[in-house]
Amino acid sequence: MIMRKYLIGLVIALGIILAGLIIVFGLVLNGTITRQTFEAEKNEISVPTAEASALPTQTPKKQIVVLDPGHGKDSGNMSEEDKSADGWVLSTEKGGWGEWRHWKSGTVWDDCRGSGCSGRHPDGGSCWYPIENGDRDIEPEINLNNTLNAKKYLEEMGYEVRLTRNSNDENPSMTKRLTYCYSGGDTSTEPDADVFVCIHSNAGGGQGSAYMALSGVYDQSGVLAPAEYISESNILGQLINNQIVSDTQLSAFVDGRYEGFPTAVLFCKSPVPIAYLEIGFFDNASDLEVLTNDSETIGRAIAVGVDNYFKTKSN
């Protein structure tokens, strides 16, 4: 009796299973159920992996640093073609080659030609800067070595670096050096460089390193508000010079802040914050030894100082 009930139950169960298979088979035949149906269900219940759930990353824009090794080839060894190619202007009125110190007030890339500008210049000077005023003996080599070392360290830190000259056979005008603040040198566009760092060494009987401070009136267009332009430039110069004094045997000349030349051509024409460094005195034996033998450390200090500036901007 028990066996009979078991057999009846088994037959019923098998009948239900068979009916179900017949229904499924019918759905498959008419296309209601497909292979994709099972794959979709599988995908719906899958657990995301760590890789799939990771947020996308974005490569940050590299800050662009223009490094300007001051001076260059002696003007007496340059042909007229060299001077013209390097951005110098021949003025019959001024009797030689040079460049104008300013843009016309409220403009950019429109030389003042002696009028319509702030008129700022060193005592006894004028709006005209003669090419021979930039001639130096050993300084161009010192400046270039410090610049190349700074470039190496800045690039290791992830910065994009542009040089205004790559050898001592070049002597670009200061106006031409500023074209490196623009992508491809196209001055009809907005500058894409973040800062301009001018690297010099000093002379005249002193000792130590300093940055040249900006002050007064800068009326070129396209820059930050004048007060902000001055402030950002001086902060940049101070941070770099502080690092140089900290990392080398060079002392701080006049407390590290050189007030002597706020009318420099580059200050009056730059479209971005600018640091103008006078690193040591090459006519001082002690400083010259550091400049000659410790350029690697100086270059690294310049790079760290620039990096410190951008860190203050991001805080």
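Start the tour inside: select C181, F196, L266 and F267, the residues with the most contacts inside the largest nonpolar core, which has 32 residues. Keep in mind that you are looking at a predicted model. Now colour β1 (64-69), β6 (195-202), β7 (209-212), α7 (226-247), β8 (252-258), α8 (265-269) and β9 (274-281), since each of these supplies at least two residues of the core. Helix α8 gives the largest share, four residues. Next, pick V65, A150, L236 and I240: they are among the 31 residues of another core, which lies apart from the one you just left.

**The sheet**

Switch to cartoon view and follow the strands. Six of them make an open sheet, and the order to trace is β5-β1-β6-β9-β7-β8, with mixed pairing. Stop at the two edges, β5 (160-163) and β8: each has a single partner strand, so one side of each is left without a neighbour in the sheet. Look along the sheet and you can follow its twist, as neighbouring strands are turned by 20° against each other on average, ignoring direction.

Zoom in on β7 and β9. These two run antiparallel and are joined by three bridges. To see a bridge up close, select Y211 and its partner in β9, L277.

Then bring in the helices. Show α7, which lies across β6, β7, β8 and β9 and runs at about 30° to β9. Helix α9 (residues 285-293) lies across β6 and β9, and its angle to β9 is about 115°.

**A stop at L277**

Which strand holds L277? The answer is β9. With 0% relative accessibility, L277 counts as buried. Select what L277 touches beyond four places in sequence and you get V197, C198, I199, H200, A210, Y211, G237, I240, N241, I244 and I302. One of these is worth a distance label: A210 is 67 residues from L277 in sequence, yet their C-alpha atoms are 6.2 Å apart.

**The rings**

Now show the aromatic side chains; the whole structure holds 11 aromatic pairs. Go to W103 and W109 for a tilted pair, with 4.6 Å between the centres and 45° between the planes. Are these two tryptophans buried or exposed? W103 has a relative accessible area of 2%, so it is buried. W109 is at 26%, so it counts as partly exposed. While you are here, add K269: its charged end sits over the ring of W103, 4.2 Å from the centre.

Move on to Y218 and F267. Their ring centres are 6.5 Å apart and the planes stand at 90°, so this pair is edge-to-face. The two rings come from distant parts of the chain, 49 residues apart, with Y218 in the loop between β7 and α7 and F267 in helix α8. Both Y218 and F267 are buried. You have met F267 already, among the residues with the most contacts inside the largest core.

Add Y229 and Y276 to the selection, and you have a cluster: ring pairs link Y218, Y229, F267 and Y276. For a last view, show R120, which lies over the face of Y218 at 4.9 Å from the ring centre.

Technical notes
Residues numbered from 1 in each chain as written. Predicted model: local features only at pLDDT ≥ 70, side-chain atom pairs only at ≥ 80, totals over all residues. Heavy atoms only, no water. Core = buried A, V, L, I, M, F, W, Y, C linked by side-chain atoms within 4.5 Å. Buried < 20%, exposed > 50% of the residue type's maximum accessible area, 1.4 Å probe, protein only. Pairing = 2+ DSSP bridges. Axes fitted to C-alpha atoms, helices over the stretch in contact; angles between N-to-C directions. Contact = heavy atoms within 4.5 Å. Phe/Tyr/Trp six-rings, centres within 6.5 Å; stacked < 30°, edge-to-face > 60°. Lys NZ or Arg CZ within 6 Å of the ring centre and 35° of its normal.
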